[in-house]
Amino acid sequence: MAAMTMAVLQNHNPTFHVKPFSSPKRKASHLSSSFLTPIHNQRFFSSRSLIFNRSTQKWRNYFMFLAAKPVVKDRTLSFQGNDLLTGLHENVVVTPLKDTCGLFLGATSTENKSRHVFKLGVIQDLRLLCLFRFKLWWMIPRVGTSGSDVPVETQMLLVEVRPEGSSVDASGDSGSYVLFLPVLDGEFRSSLQGNSANELEFCVESGDPAIVTSKSLKAVFVNYGDNPFDLVNESMKIIEKQSSTFALRESKQMPGMLDWFGWCTWDAFYQDVNAQGIKDGLKSLFQGGTPARFLIIDDGWQDTTNEFQKEGEEFVDGTQFGGRLVSLEENSKFRRGNEDKSDAPTCLKSFVSDIKSSFGLKYVYVWHALLGYWGGLVPDAEGTKKYSPQLRYPVQSPGNLANKRDLAMDSMEKYGIGTLDPATVTQFYDHLHKYLVSQGVDGVKVDVQNILETIAAGLGGRVSLTRQFQQALESSIAANFEDNSIICCMGQSTDTIYNSKRSAITRASDDYYPKNPTTQTLHIAAVSFNSIFLGEVFVPDWDMFYSLHDAAEFHAVARAVGGCGVYVSDKPGHHDFNVLKKLVLPDGSVLRAKYPGRPSRDCLFTDPVMDGKSLLKIWNLNKCTGVIGIFNCQGAGSWPCIEHTVQQDVPSEITGHVSPADIEYFKEVSGKFWTGDSSVFSFNTGSLSRLSMEESMNITLGMLQCDIYTVSPIKVYNKRIEFAAIGLMNMYNSGGAVESVDIFGESSGCKIQIKGRGSGNFGAYSSVKPKSCKLNSEDKDFKFREEDKLLDMVIPSTTSHWDLVIAY
């Protein structure tokens, strides 16, 4: 018979080992308590125990845990009667946390090693959602039902649990979830994976052969809850408190560029970016009526050299990642020498000043890699030798090598990286950023962040090295830039995530590939699922896109619901202003939603890319409304790292449903006077429907088609008027234009005041036709559609902010 051994301390969290019980007096080797209580085949997590209180020298009753606490019996870990892990291995260590449903899983070994893979137990016949690193840099989702479906390098695992015999309800909600989050345990970073026996395993590794251990007791945090989004948020709060190494998004300063339309030079020019090209691109966007207020000068502006690309020789793909930084200054495309008669500006400072004054730019960011450039620093250059760079050759962990290889990583392994001395990293970032500030630059996009885990041998290990660089980087941003002005990129490893105290934005996707038609749907699905996890620490960045492209509207609608910054990478003169003007207001601002856009609850355990039947719904909130984007991602592309990539018999159209209940936290906008019903406005059709939270309506979409719905709570005013503001119906995120809705007026009448911004067609649901409408105190004509109660009025293009008063 299996049993448990547990220690309980008055002021400490208990820890127990899963192992056969042989004697009541036997001690577990890693327990810190002297109170060792053998528990024979009982559900001790929910039991009442007698605990000796040393301060009073008395025994007292002590409720160890609430009913929702985890239970271990017969080597099975359960939550509220739902078996989660069976056949727990003998070396597994479980550490419950006081006053929560959470616990840590760990394990012990007889060997000291820098990398361990520990088996936990069997997980099967449950719906699973995994977020795993399919490349060194990037995560994607995968769904499954058993441990064998959990990929190597999984960084978040969400499990749906339900009592035996129960079924998923009509909304797709089972009501209970368990979350696994592999974390940083001392100098070791953990990840999850499964094996062919459906066992869930965790891997811990230091990244340095000299840093070894025989145990990792708090490698994986596990928590239980009824709402998956609350569960992730609450779990991350617990981990934040436990670790003190990172901060949640909600506590961070948001860079101002998030609320303005931007343009990035990458897909417009790639590394051939130049001053005149930037001016041409800014000019064409300005003249088209969607001025960029935010610019990223991407890779191609720095002073670099590349010994692997010889002039006159044929270009070899991958050699571009062998380039190294020569100095901290700009290259000759942005600086003209004394004898130079080129068209280059005199210096970066004069160029930045020129484009800001000419095109009304508010923010100019520039790109640099975490180690300066892809290949680091030139070891013996005059401008870099003070940072003592040494050539190091990256070594990837077996976990990375088990998934998809990456050209950039393969190239850096081949050519090496000029790695600055960690002792000089603070000085390096401070010098670089001080120089950029002196040139009028407002912020940076810092790329290639995960590279540190591959060069950590002899430098303290991956966790410590990442923390050292991250602290130096964030300190330099705080000291030199005024607006927390950093976008992180290629940093989706938990080494970086759990060491991010200030950085507020990170890329949540692989690159946008405009020439690859198979990746467009994957991009949208990956970001939305990744945002479940990344969105707790950062504002997920959805990357750039082309506005003139077959998938342009698909990407644009995703940005509208994503709560992210909005920026394109169009070539100069190659724009679709019909798309852009649905995202960008005439002043260059955007209607950004409130939260990171995430899949609706009924989409969490479906595959919107490859199951051939599921649509993807992404929800968000504005100040006064909800918003849902719905996408058909099926049939266009296949997820990497799976055996079967060819989809058979994907229907040309797929039907799904949309409901106000798809939007989480809707009570934040419903407030008082809510009838329980909502107006649901379809951007595509212009139709307006009234739905309760229990109701839904069908939608049918073809491949790469999408729609976006504004969901506004219908409220009762003056006991007789039912009203819901929709916002600017010409914008994808219509409700993002509405900033407040209030009621005032005389006892004989009712006046509703709506404040907002932008121009176009303002719409609202109104149960009766108004007597009059005023726009900024002036009478305004309006239309009223009796059949669906749509109130429609035009806000002139000359109006940036408005105050509407609708009288009844």
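A strand, as I use the word in this notebook, is a DSSP run of E with at least two residues, numbered from the N terminus. I keep in mind throughout that the model is a predicted one.

**Entry 1: Ala764 and its strand**

I began with Ala764, which I found in strand β43, a strand covering residues 760–766. Is Ala764 buried or exposed? Its relative accessible area is 0%, and because buried means under 20%, I wrote it down as buried. I then looked at the strand as a whole and noted that β43 is mostly covered, since six of its seven residues are buried.

Next I asked which residues Ala764 touches, leaving out those up to four places away in sequence. My list holds Leu688, Phe723, Ala724, Ala725, Ile726, Lys789, Leu790 and Leu791. For one of these, Ala725, I also looked up the separation: Ala764 and Ala725 are 39 residues apart in sequence, yet their C-alpha atoms are 4.3 Å apart in space.

The strand pairing belongs beside that distance in my notes. Strand β40, residues 721–728, pairs with β43 in the antiparallel sense over five bridges, and within this pair Ala725 stands opposite Ala764. I also found that β43 is joined by six bridges to strand β47, residues 790–795, and that these two run antiparallel. There, Tyr765 stands opposite Leu790. As a reminder to myself, strands of a sheet pair through backbone hydrogen bonds, either parallel or antiparallel.

**Entry 2: two open sheets**

I looked up a sheet of five strands, which is open and has the order β41-β42-β48-β44-β45, with antiparallel pairing. Which strands stand at its edges? They are β41 (738–744) and β45 (778–779), and each has a single partner strand, so one side of each is left without a neighbour in the sheet. At one of these edges, strand β44, residues 772–775, pairs with β45 in the antiparallel sense over two bridges, and the bridge partner of Lys774 is Asp779 in β45.

I then turned to an open sheet of three strands in the order β6-β7-β8, where the pairing is again antiparallel. Here β6 (70–73) and β8 (82–85) are the edge strands; each has a single partner strand, so one side of each lacks a neighbour in the sheet. Neighbouring strands of this sheet are turned against each other by 40° on average, with direction ignored. Four bridges hold the antiparallel pair of β6 and strand β7, residues 76–79, and in that pair Lys73 stands opposite Thr76 of β7.

**Entry 3: two aspartates with positive phi**

I looked up Asp125 and found a positive phi of about 60°, although this residue is not a glycine. Asp125 lies in strand β12, residues 124–133, and at 67% relative accessibility it counts as exposed. I followed β12 to its partner: seven bridges join it to strand β13, residues 139–146, and the two run antiparallel. A hairpin of five residues connects β12 to β13, and Leu129 stands opposite Val143 in β13.

Asp543 also has a positive phi, of about 75°, and it too is not a glycine. Where does Asp543 lie? I found it in the loop between β30 (539–541) and α11 (552–561). At 2% relative accessibility, Asp543 counts as buried.

**Entry 4: helices α10 and α11**

Since that loop leads to α11, I looked at how this helix packs. Two packed helices are described by the angle between their axes and the distance between the axes. For helix α10, residues 520–534, and α11 I noted an angle of about 10° and axes 10 Å apart. Angles under 35 degrees count as roughly parallel, and therefore α10 and α11 are roughly parallel to each other. From α10, the residues Gln520, Thr521, His523 and Ile524 meet Phe554, His555, Ala558 and Arg559 of α11. I sorted the residues of this contact into three nonpolar, four polar and one charged.

**Entry 5: the chain as a whole**

Last, I looked up the totals for the protein chain. Its secondary structure comes to 13 helices and 48 strands, and of its 808 residues, 61% count as buried. About 30,900 Å² of the chain is exposed, with carbon and sulfur atoms supplying 47% of that. Among contacts between residues at least 6 apart in sequence, 73% join residues at least 24 apart, and Ala764 with Ala725, at 39 residues apart, is the pair I noted beside this figure.

Conventions. Residues are numbered from 1 along each chain as its sequence is written. This is a predicted model: local features need pLDDT of at least 70, side-chain atom pairs count only at pLDDT 80 or more; totals for chains, interfaces and linings use all residues. Side-chain values use heavy atoms; hydrogens and water are left out. Buried means under 20% relative accessible area, exposed over 50%, partly exposed in between (1.4 Å probe, protein chains only). Contact means heavy atoms within 4.5 Å. Accessible areas come from the Shrake-Rupley method with a 1.4 Å probe; for residues, only the protein chains shown count as cover. Two strands pair if DSSP finds at least two bridges between them. Axes are lines fitted to C-alpha atoms, for helices over the stretch in contact, and angles run from 0 to 180 degrees between N-to-C directions. Angles under 35 degrees count as roughly parallel, over 145 as roughly antiparallel, 65 to 115 as roughly perpendicular and the rest as oblique. Ala, Val, Leu, Ile, Met, Phe, Trp, Tyr, Cys and Pro count as nonpolar, Asp, Glu, Lys and Arg as charged, and the others, Gly among them, as polar.
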